[in-house]
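The following exercises lead a new reader through one protein structure. Each task is followed by a solution that proceeds step by step.

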Amino acid sequence: MRSACATIHLAALRANLQRARELAAGARIMAVVKADGYGHGLERVAHALAGADAFGVAAIADGQRLRAAGVHQRIVVLAGPDAPGDLAELRRLRLDAVIHDDAQLAWLEADTDPRPLRLWLKLDTGMHRLGFAPARARELHARLRALPGVDPALVLMTHFANSDVFDDASTARQIECFARATHGLDGEHSLANSAALLGWPAARGQWLRVGGLLYGMSVVAGTTAADFGFAPAMTLATRLVAVHTLREGDHVGYAASWQCPQDMPVGVAAIGYGDGYPRHAASGTPVLVGGRRAAVIGRVSMDLVTIDLRNVPDARVGDAVVLWGPQLPVEQVAAHAGTIAYALTCGVTRRVRFAEDAG
Ligand SMILES: *Cc1c(COP(=O)(O)O)cnc(C)c1O
């Protein structure tokens, strides 16, 4: 059996929800669990975060999985229906839907089922991905509330492009634009993602949509979630399968991209991009070998990665190698790989064994 294992820390998930509640100052929390709970496992995460007020998913299929797992909270499909036939499935599963496009509005207006759907009306205040023009908020609000098959308690929402930059003027403009567009309209507000929860208290509204922080990950440049009181919820680890002593001048790995500056011990660990460890992790990316810091050298290959063991000269085959976890922030690994922490945990592949610990 391969040694690569992702251990999910259930207590960290629960503590992170608690920490988010402290910062939320009474606003409700939608735990965003798209992409299989940011790679942590959808059902596992939903059960650990059973205290959340709602769950946010990317697709109806995830709503099906959550209902089958006994999740009773509100579940919001963040991209809404993809086809007219989805409306019946949303009703059957009691899923809320985000409405962001005229095509969806046309399906709703042609629909004759009177059982009320709960909708989140999404306005595009500047990100220019999903959402209606803010100038249409009043018209759309009235049209949706006139439909017998729509619950009149609409939630009004928008999404930020740049909320991880805490002094960014465009976020302030998005908040202002949303306030103007929704002025006088009935309905709760939802603006903030994780970064906005940290840096934009004016964007709190009644519903926060929190993903990354619940898994103990920050996308604020130069920070880790631990800096804000959140705990990493995943440890990715494996073992050394070989230890060599190489000579000064020897090359390591594909394309001979790393050369030994001296005689030195080099370890080989059983993890690679086939497991979701990033191929772009540069030489120098930190790992822990037997709890001590060491570094990736050479190209990451599909099943294996090579490690500079000069800092761990007594390392042996079978020693534990941690790729990220509470002692090695995934945000730091991501920075060495030119990506963000979310992409790393989402990218852990199916051949990696998953385990849970209560701590
Ligand atoms: C993914 C997502 C979120 C959560 O973002 P985080 O940075 O993980 O908190 C919130 N809202 C929407 C619309 C999203 O797609």
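**Exercise 1. Two residues with a positive phi**

Task: Determine whether D36 counts as buried, partly exposed or exposed, and describe its backbone.

Solution. Step 1: D36 counts as partly exposed, because its relative accessibility is 31%; buried means under 20% relative accessible area, exposed over 50%, and partly exposed in between, with a 1.4 Å probe and protein chains only. The model is a predicted one, in which local features need pLDDT of at least 70 and side-chain atom pairs count only at pLDDT 80 or more, while totals for chains, interfaces and linings use all residues. Residues are numbered from 1 along each chain as its sequence is written, and side-chain values use heavy atoms, with hydrogens and water left out.

Step 2: D36 belongs to helix α2 (residues 34-38); helices (H or I, at least four residues) and strands (E, at least two) are DSSP runs, numbered from the N terminus.

Step 3: Although D36 is not a glycine, its phi is positive, at about 55 degrees. Most residues other than glycine have a negative phi.

Step 4: A255, likewise not a glycine, has a positive phi of about 65 degrees. A255 sits in the loop between β11 (251-252) and β12 (258-259), and it counts as exposed because its relative accessibility is 59%.

**Exercise 2. The overall build**

Task: State how many helices and strands the protein has, and describe its extent and surface.

Solution. Step 1: The protein contains 11 helices and 18 strands. Its C-alpha atoms fill a box of roughly 75 × 45 × 35 Å along the principal axes.

Step 2: Of the 359 residues, 52% are buried. The exposed area is about 15000 Å², with 53% of it supplied by carbon and sulfur atoms; accessible areas come from the Shrake-Rupley method with a 1.4 Å probe, and for residues only the protein chains shown count as cover.

Step 3: Among contacts (heavy atoms within 4.5 Å) between residues at least 6 apart in sequence, 65% join residues at least 24 apart.

**Exercise 3. Domains and cores**

Task: Identify which domains the assignment gives, and examine the nonpolar cores.

Solution. Step 1: The assignment gives domain 1 (10-217) and domain 2 (234-357); such bounds come from an automatic or database domain assignment. The domain centres, taken over C-alpha atoms, are separated by 37 Å. Across the boundary, 11 residues of domain 1 are in contact with 10 residues of domain 2.

Step 2: The largest nonpolar core has 109 residues, and F55, Y277, V289 and W324 have the most contacts inside it. A nonpolar core is a set of buried Ala, Val, Leu, Ile, Met, Phe, Trp, Tyr and Cys residues joined through side-chain atoms within 4.5 Å. Helix α1 (residues 10-24) gives the most to this core, with 6 residues. Domain 1 and domain 2 each provide at least three residues to this core.

Step 3: Beyond its neighbours within four places in sequence, Y277 is in contact with ten residues' worth of partners that include I271, T285, V305, L323 and W324. Apart from the largest core lies another core, of 7 residues, among them L246, V252, V266 and I297.

**Exercise 4. Residues H159 and R351**

Task: Establish where H159 and R351 lie, and which residues are in contact with each of them.

Solution. Step 1: H159 is placed in the loop between β7 (155-157) and α8 (169-182). H159 counts as buried because its relative accessible area is 19%.

Step 2: Leaving aside neighbours within four places in sequence, H159 is in contact with K122, T125, M127, R129, Q174, L191, N193 and R209. H159 and I99 are 60 residues apart in sequence, and their C-alpha atoms are 13 Å apart in space.

Step 3: R351 lies in the loop between α11 (341-346) and β18 (353-357). R351 is partly exposed, because its relative accessible area is 36%.

Step 4: With neighbours within four places in sequence set aside, R351 is in contact with R2, G274, D275, M302 and D303. R351 and C5 are 346 residues apart along the chain, yet 9.1 Å separates their C-alpha atoms.
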